[in-house]
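Hi,

Here is the structure I promised to pass on to you. Have a look at it first, and then read my notes underneath.

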Amino acid sequence: MTKKPPARWTTLAAAPLLPLLPLLPVLPLFAPPAAARAPAPEAAVEDQAISVVGFKNPYRLTVKQLRDAARAYRKGRPVYAPASILYFEVKPARPGESLDGVTLTLRSADRAIPVPLDSANRFVLPELGSDDWQLVANRSRAGLVVRPVVMSPGTSEDDRMLGDMRLQCEVHWAIEKRHMSVFARGAFAAAGGCQSSSFAIYARSDRAIAHASVTAGPVSRPVQVLRDGYLFRAPLHDKKLPNSARVRFSFQ
């Protein structure tokens, strides 16, 4: 019988969907985290999947879905961003909270693999031979959010490659579509998916945007930013823009 996990072990929360789905910086759930504690080596984990916060209710995000995201990334990488890397970025659920002392671990029935975070609080999902893993953290429930981020060398949060953003959309959809209705999935695919011009895909920035633009060669034009400065429409749908185009932000 599997033992009940100690209270200090928790799952992660993933950034939720924006209509129709998130890109680059996505909207995190603002829920207060508790102070981090060091995990006990012998701690067992019972049915701990990542808790994903949607519009109304939490749902479950499993390692299987993270692997689905990795497969979508590998499929799209040669098309959109051949030099890119897929990261999973960890953030506190409440902006401004510290991630000091936070540790992540992949656990199976008989193994535990530490998941180190880099200086940007990102990790790369290691190759796993099965879906029988759980990603756990030493912070209380709803204390963290996680989101996929695709980045190519020479890019940054304020200077993104459009191909990275297009591929990131595909990766996010690989996670989110399992929690959408059959009708929504079919409609999204029929409309052209992430590069459809039939609907607007907006993303939320962590910082208020003063200005955003997309540049391809000598041509540069504004990117739509809504009034509060936190929502923008990435030009994924514009087929005149190559994947090498750059989307640049200046922040307030």
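Below is what I found, going from the sheet to the cores, the disulfide and the salt bridges. Please keep in mind that this is a predicted model.

**The four-stranded sheet**

There is an open sheet of four strands in the order β11-β16-β13-β14, and the pairing is antiparallel. β11 and β14 (219-222) are at the edges with a single partner strand each, so one side of each has no neighbour in the sheet. On average, and ignoring direction, neighbouring strands here are turned by 25° against each other. In the interior of that order, β13 (residues 209-216) and β16 run antiparallel and are joined by six bridges. Within this pairing, Ser-213 stands opposite Arg-248 of β16. Helix α2 packs on the sheet, where it touches β11 and β16, and its direction makes about 70° with that of β11.

**Two nonpolar cores**

As a general background, nonpolar side chains in soluble globular proteins tend to be buried together. In this model the largest nonpolar core has 29 residues, and the members that touch the most others are Phe-88, Leu-104, Leu-106 and Phe-123. Two or more residues each come from α1, β5 (85-92), β6 (104-107), β7 (112-115), β9, β10 and α2. The largest share is that of α1, with six residues.

Phe-88 is a good place to start if you want to look around this core. Leaving out neighbours within four places in sequence, Phe-88 is in contact with Leu-66, Ala-69, Asn-121, Arg-122, Phe-123, Leu-125, Val-146, Arg-147 and Pro-148. Another core, of 20 residues, lies apart from the largest one, and among its members are Cys-169, Trp-173, Cys-194 and Leu-241.

Leu-241 sits in the loop between β15 (231-233) and β16 (246-251). Is Leu-241 buried or exposed? Its relative accessibility is 10%, and the cut-off for buried is under 20%, so Leu-241 counts as buried. Not counting residues up to four places away in sequence, Leu-241 touches Leu-162, Arg-166, Val-214, Ala-216, Arg-221 and Pro-235. The C-alpha atoms of Leu-241 and Val-219 are 9.8 Å apart, with these positions 22 residues apart along the chain.

**The disulfide**

How many disulfides does a search of the whole structure find? The search finds one, formed by Cys-169 and Cys-194 with their sulfur atoms 2.1 Å apart. This pair links distant parts of the chain, with Cys-169 in helix α2 (residues 162-176) and Cys-194, 25 residues away, in the loop between α3 (182-190) and β12 (202-204). The torsion about the S-S bond is about -90°, so the disulfide is left-handed. Both Cys-169 and Cys-194 are buried, and both are among the members of the 20-residue core.

**Salt bridges**

The count of salt bridges comes to 13. I picked out three of them for you.

- Arg-67 and Asp-131 have their closest N and O atoms 2.5 Å apart. Arg-67 belongs to helix α1 (residues 63-80) and Asp-131 to the loop between β8 (122-123) and β9 (134-137), so this salt bridge ties together parts 64 residues apart in sequence. Arg-67 counts as buried at 18% relative accessibility, whereas Asp-131, at 30%, counts as partly exposed.
- Glu-157 and Arg-122 meet through their side chains at 3.3 Å, N to O. Glu-157 is in the loop between β10 (144-151) and β11 (159-161) and Arg-122 is in strand β8, so the pair ties together parts 35 residues apart in sequence. Glu-157 is partly exposed at 35% relative accessibility, while Arg-122 is buried, with 10%.
- Asp-159 and Arg-248 have their closest N and O atoms 3.4 Å apart. They link strand β11 with strand β16, across 89 residues. Asp-159 is buried, with a relative accessible area of 17%, and Arg-248 is partly exposed, with 35%.

One network is worth displaying on its own. Salt bridges link Glu-89, Lys-91, Arg-122, Arg-147, Glu-157 and Asp-206. Two of these residues, Arg-122 and Arg-147, are also among the contacts of Phe-88 in the largest core.

Happy browsing, and best wishes

Definitions and conventions
Residues are numbered from 1 along each chain as its sequence is written. This is a predicted model: local features need pLDDT of at least 70, side-chain atom pairs count only at pLDDT 80 or more; totals for chains, interfaces and linings use all residues. Side-chain values use heavy atoms; hydrogens and water are left out. Buried means under 20% relative accessible area, exposed over 50%, partly exposed in between (1.4 Å probe, protein chains only). Contact means heavy atoms within 4.5 Å. A disulfide is a pair of cysteine sulfur atoms within 2.5 Å. A salt bridge is a side-chain nitrogen of Lys or Arg within 4 Å of a carboxyl oxygen of Asp or Glu. A nonpolar core is a set of buried Ala, Val, Leu, Ile, Met, Phe, Trp, Tyr and Cys residues joined through side-chain atoms within 4.5 Å. Two strands pair if DSSP finds at least two bridges between them. Axes are lines fitted to C-alpha atoms, for helices over the stretch in contact, and angles run from 0 to 180 degrees between N-to-C directions.
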